[in-house]
Structure formats: structure tokens, C-alpha cells
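Okay, thanks everyone for coming. I'll take a few minutes to walk through this fold, so please keep the picture open while I talk.

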Amino acid sequence: MKVPFGDLKVHYQAYKSVIDSAVQRVLDSGYYILGPELQKFEEEFAQFLGSNYVVGCASGTEAIYLALAALNIGPEDEVIVVAHTAVPTINGISMTGAKPVFVDIDPSSGLMDPQLIEAKITSRTKVIMPVHLYGRIADMDSILSIAQKHGLTVIEDVAQATGATYKGKTAGTMAEFGTFSFYPSKNLGAFGDGGAVATKTKENYERLLKLRNYGQSKRYHHDEIGINSRLDEIQAAILACQIPYVKEWNEKRIEIAQRYTCGLSGIVETPGKAGEGEHVYHLYVIQVDERDELQSYLMSEGIGTLIHYPIPSHLQNAYKYLGYKPGDLPATERMAKRILSLPMFPELTDEQIDTVIASIANFYKLRKVSTSVGSVNDVGTIQQTHR
Ligand SMILES: Cc1ncc(COP(=O)(O)O)c(C=O)c1O
């Protein structure tokens, strides 16, 4: 049985009538930018999060840029962030001209290590940006208290954790800003690009409205230099009609993760335990030393996997100018070498999950046999003879 890494077509087929009617309604309306669908989405998403305000924008990358721009962050400033993230987190920071300052992760969670933050704070530091990577919420209590002690602002990158909760609060509502991506495979996904910024204050909200729309306060009145980063009416309508399902999808992801963990414990390193609701498994990521061999084997078995992310941000060519070198962030670099993301989407069946588990177990069984017969690398041949 083939198991794809993700399957957006299955998702569309399951919700086709709801999505088709939302799209048709927009097409028929003749209103395609900054109209009633966006307003409805912003209100309903704010309500879903328990946030005061939401401003839709064109992507998760620009959501980060806009939140920082609303704080007047610029070339003189530093933002403390992890390197173990999708590079667009860092791109959003760089778009303001500010300097990303990387802090290592806690190897047990794979998220920002609060104990390492204070050593990175300088007179230029303005923002701490935890990333709720893979759908798991960072240690917000510790991060918020460090920020408060030093007079810094916190922005949560929630791109991968829509709907996760921490001590009764939803991800993206604990800090001054929460930034979201609606890339199609996210826990709440558009059928194209999309993003949003959640914020507590009216002042931030009004600033974000201007910044995403050419800096206009009203038509042809430009108070400042803004960009074009609008969430269009079609994407807003598609997102709004899916909000009621997010909780159910996240519960399904958690169930899938539990089934994986149950089947894989003792075979590979499974994701560390998180508090209830604190991990909504945008990705289910295992860690193994022989990652590349396992990935090739699973591919040969028709199982799709990906690596999120093989090159940490501080070692990317684009960020060479910052002067980091291998060894600077040991926990991040170790994880980048060992991680493998298994198929994860709400429509995944038990049969598919069990196929993935059985294939991984088989890989290790074959390795044991091949080691004992002295042919470690030839998994393919061994597999033929031992099936
Ligand atoms: C953690 C994280 N931050 C930011 C982004 C950027 O979002 P977008 O692709 O919508 O620009 C992503 C998207 O992959 C992400 O995973």
C-alpha cells in the first residue's frame, strides 16, 4: 500500500460542497479584494482564537514582517529566534532590515530553549520570536517572563500550530502578536497562499490594516509606506468555511500521532510528550541516526516522508553574512541530521498508519539481519530475501 506524505485532493473531495459553494459565492459577488468575506473571516478567526483582533494578509512570511513593522522594528534592531524553523520565519524578520539572533533549542522539545535567551539579549534586542514548530507550543510562561523582565515584545510564529492550546489559551493569543500561515497543508489551509496576524490592541490592529494595504488610512491617503499583503476574498471565504472543522481535524491529528507513538516506541525516538492540547501535530517527526537510509527505504516502499528542516537557518547561504558556523547551535544541528517527518493529515487511515509503522519496524529488522550477515547497507537485497 502506498502512503503519501500528504493528500490535499482527498481533503478537497471530503469538503467539496462547502468549499465549492464558498468559492462560487465570491465569484458571483463581483467583490474580490478587501470585501465582506475577509471581514467575516477576520471576525470568525478572532473568535476561534479568543483574540481581540485578526488582520488577514498574503502569507505567513508577510504576517511576520507586518507584526514587526507595526512595532517599528528596523535595521538597528535585533530579534531573538530559533534556527530550527522554516526559513521564511527568518525571511520575515530580515524583510524589516533587523538582525536575526539565533538561540538554540531545548533538545527534549525541539523548541526555543528559554534558558539560553538571556545570554543573547543586547541593547539592540527588541523582540523574542518563539516558533511553535510542528504544532507544539513553546515554553511560553518562561519566554513571556524573560521578555517582561527585559522590556521586550514577544511575537509567536503560529504558522504550524493553528488551534493548539496552552493553559487555556490558544496559540497566537499569549503574546503581543501571533502570526499565522494558511499554506494549503497547514492545520487550517487555504487553496493558495494566505496568512494572518492576531493582536490584542486596537492600536496594533489599525496599524496592521494600513501596513498591509499600501500604508493607506483611507483611499489615496498614505500615512506611511506600506506593502500589498491582502488576503483575497476567495481565500478568505475558503478559510472561514473551514474554521468550524479545525478542532475536529486537530483531534484527528492527535489520534494519528498517538497511534504512531504506540507502534513506534522502542523502535525510533518518537516526539517528546507535550501537555494536553499543546501539540496539534502539524507534523509527526521521529528522530533516528540512520535517517537517510530509513527515508530511502520508506520511499522504496511507497511511503512519502520529508525533512523539516535539513539545513538550519543559521547555516543557510542566505544568512552567511551573520557569521555563524557549524557547531554554533549544537542541539539544532543534531536534530537537523536526525529528523524525519512521517505522513500526517487528518484523512490518514488506520491502515495507512499501520503500514508506515510496519515498514519502519521492518527496516530495523532487516538492518539487524544485514548487520549479523555483514552487509549493512544492502537493505534492498536483504528485503527481497527475507520477505
Ligand atoms: C514556522 C513557519 N513560519 C513561517 C512560515 C511562512 O508561511 P508562508 O509560507 O505562508 O509564507 C512557515 C511556512 O512554511 C512556517 O512553517
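**The sheet, strand by strand**

So, let's begin with the sheet: seven strands make an open sheet with mixed pairing, and the order is 1-11-10-7-6-2-3. At the edges you'll find strand 1 (53–57) and strand 3, and each has a single partner strand, so one side of each is left without a neighbour in the sheet. From one strand to the next, the twist averages 25°. And a quick reminder that what you're looking at is a predicted model.

Let's start from the strand 1 edge. Strand 1 pairs with strand 11, residues 195–199, through five bridges, and the sense there is antiparallel. If you want a spot to click on, C57 has G195 in strand 11 as its bridge partner.

Now strand 2, which is residues 78–82. Is it mostly covered or mostly open? Mostly covered: five of its five residues are buried. You can see that on both faces, with E78, I80 and V82 on one side and V79 and V81 on the other. Yes, that list of buried residues does include a glutamate, E78.

Who sits beside strand 2? On the strand 3 side, there are five bridges to residues 99–103, and the two strands run parallel. V79, for instance, is bridged to P100 in strand 3. To get from strand 2 to strand 3, the chain goes through helix 5, residues 87–94, and this β-α-β crossover is right-handed. Strand 2 also has four bridges to strand 6 (residues 125–129), again running parallel. There, V81 has M129 as its bridge partner.

Moving along to strand 7, residues 153–157. This one is mostly covered too, with four of its five residues buried. Strands 6 and 7 pair in the parallel sense over two bridges, and V127 is partnered with T153 in strand 7. The chain crosses from strand 6 to strand 7 by way of helix 6, in another β-α-β crossover that is right-handed. Strand 7 is also joined to strand 10 (residues 177–181) by three bridges, running parallel, and E156 stands opposite G178 in strand 10.

**Some odd backbone spots**

Okay, on to the loops. Which tyrosine in the loop between strand 6 and helix 6 (140–150) should you look at? That's Y134. Its phi is near 65°, a positive value in a residue other than glycine. Y134 counts as buried because its relative accessibility is 8%, and the cut-off for buried is under 20%.

Y281 also has a positive phi, about 45°, without being a glycine. You'll find Y281 in the loop between helix 9 (246–264) and strand 14 (284–287). At 11% relative accessibility, Y281 is therefore counted as buried.

One more tyrosine: the peptide bond between H308 and Y309 is cis, with omega about 15°. Y309 lies in the loop between helix 10 (291–300) and helix 11 (330–338).

**Out on the surface**

Last stop. L27, Y32, I33 and L34 form a nonpolar patch on the surface, and together they have about 330 Å² of accessible area. L34 belongs to the loop between helix 2 (16–29) and helix 3 (36–49). With a relative accessible area of 30%, L34 is partly exposed.

That's my tour, happy to take questions.

Definitions and conventions
Residues numbered from 1 in each chain as written. Predicted model: local features only at pLDDT ≥ 70, side-chain atom pairs only at ≥ 80, totals over all residues. Heavy atoms only, no water. Patch = residues over 30% accessible without salt bridge, like charges linked within 9 Å, V, L, I, M, F, W, Y side chains within 5 Å. Areas by Shrake-Rupley, 256 points an atom, 1.4 Å probe, with all protein chains shown as cover. Salt bridge = Lys/Arg side-chain N within 4 Å of Asp/Glu carboxyl O. Buried < 20%, exposed > 50% of the residue type's maximum accessible area, 1.4 Å probe, protein only. Pairing = 2+ DSSP bridges. Right-handed = clockwise from strand over helix to strand, strands pointing away. Axes fitted to C-alpha atoms, helices over the stretch in contact; angles between N-to-C directions.
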